[in-house]
Amino acid sequence: MLLRIRVSLPDRPGGLGQVARALGALGADILQVTVLEREAGRALDEFTVDWPAAAGEVTDRLSGAPGVRVEGYWPTRELPGSAPDYDVLTQVAADPARGLATLVDALPALCGADWALALADGVVRHASLAAPSTFDLPDPPLRPAARVGADLRLMVLPVAELHIVVARSTGPAFHRAELHRATRIADVVAKLSGRTPETSRQP
């Protein structure tokens, strides 16, 4: 099982190695490590691992390491070493008319999410696999935002006249690094497909 595990740990020499050793002792194959932030004496790291045990054991078996706190874990389909961002942009460049539909279809895999959809005036215009056919987005934000609800962690990306919603049901809230990445990709896709705030207002 391919998992992303977000871990908070003491930001000191050997802290990362401590978690890596703990994962190795549990039989996990570490495929990638991403440092999300370092502040207030702690680091927030994300591990992509091939996890051999039941996913529910992650927190119990890692939190035993001194100072280590598991912020969350969730399945992922993004293989380390691949370049999915560029693959999506290449597809959009080849067929700009379907640019935003291509983006919505790709975002769940890009962001370790369950589904994505595009809303305009409260109506779902395009939805990825597993996305609901209707979705209520109260107070759509004017800027990209991460939100946490009772059952879902959301990213909301305003793109031209649309709001793209990316959701996952497990794991932690979307980190600002994830929000920044998704926003950059959406901005490029909007430009490639000719969907900008200015062009969207034209008759």
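## L103 and the core around it

Let's start with L103. Skip its neighbours within four places in sequence, and L103 is in contact with I164, I185, A186 and V189. Keep in mind that this is a predicted model.

L103 is also one of the residues with the most contacts inside the largest nonpolar core, a list that also holds L107, C111, I164 and V166. That core has 27 residues. Helix α4 gives the most to it, with seven residues, while α3 (84-94), β5, β8, β9 and α5 each supply at least two. In soluble globular proteins, nonpolar side chains tend to be buried together. Another core lies apart from this one, with 18 residues that include L3, L26, L62 and A65.

## The sheet

Now for the strands. Five of them form an open sheet, in the order β6-β5-β9-β8-β7, and the pairing is antiparallel. The edges are β6 (123-127) and β7 (145-148), each of which pairs on one side only. From one strand to the next, the twist averages 30°.

Take a look at the β7 end. A hairpin of four residues leads from β7 to β8, and four bridges join β7 to β8 (residues 153-159), with the two running antiparallel. If you want one pair to find on screen, try R147, whose bridge partner in β8 is L154.

## Two helices across the strands

Helix α4 (residues 99-111) lies across β5 (115-120), β6, β8 and β9 (162-168). With respect to β9, helix α4 runs at about 25°.

Helix α5 (residues 176-192) lies across β7, β8 and β9. Here the angle is about 30°, taken to β8.

## Salt bridges, with E178 in the middle of the story

Side chains of opposite charge can pair when their charged atoms come close. The structure holds 10 salt bridges. Which residues are linked with E178 in a network of them? The others are R4, R6, E46 and R168.

Two of the pairs involving E178 are worth a closer look. With R4, the closest N and O atoms are 3.1 Å apart; with R6, the N to O distance is 2.7 Å. Both pairs link distant parts of the chain: E178 sits in helix α5 and R4 in strand β1 (residues 2-10), 174 residues apart, and R6, also in strand β1, is 172 residues from E178. E178 counts as buried because its relative accessible area is 9%, under the 20% cut-off. R4 is buried too, at 9% relative accessibility, and R6 is buried as well.

For another setting, try R69 and E71. They form a salt bridge with the closest N and O atoms 2.9 Å apart, but R69 is partly exposed at 44% relative accessibility and E71 is partly exposed at 34%.

## A stop at Q18

Is Q18 buried or exposed? Q18 has a relative accessible area of 18%, so it falls under the 20% cut-off and counts as buried. You'll find Q18 in helix α1 (residues 15-25).

Leaving out residues up to four places away in sequence, Q18 touches R12, A65, P66 and V68. A65 is also among the residues of the 18-residue core. Q18 and L110 are 28 Å apart in space, C-alpha to C-alpha, and 92 residues apart in sequence.

Key. Residues are numbered from 1 along each chain as its sequence is written. This is a predicted model: local features need pLDDT of at least 70, side-chain atom pairs count only at pLDDT 80 or more; totals for chains, interfaces and linings use all residues. Side-chain values use heavy atoms; hydrogens and water are left out. Two strands pair if DSSP finds at least two bridges between them. Axes are lines fitted to C-alpha atoms, for helices over the stretch in contact, and angles run from 0 to 180 degrees between N-to-C directions. Contact means heavy atoms within 4.5 Å. A nonpolar core is a set of buried Ala, Val, Leu, Ile, Met, Phe, Trp, Tyr and Cys residues joined through side-chain atoms within 4.5 Å. Buried means under 20% relative accessible area, exposed over 50%, partly exposed in between (1.4 Å probe, protein chains only). A salt bridge is a side-chain nitrogen of Lys or Arg within 4 Å of a carboxyl oxygen of Asp or Glu.
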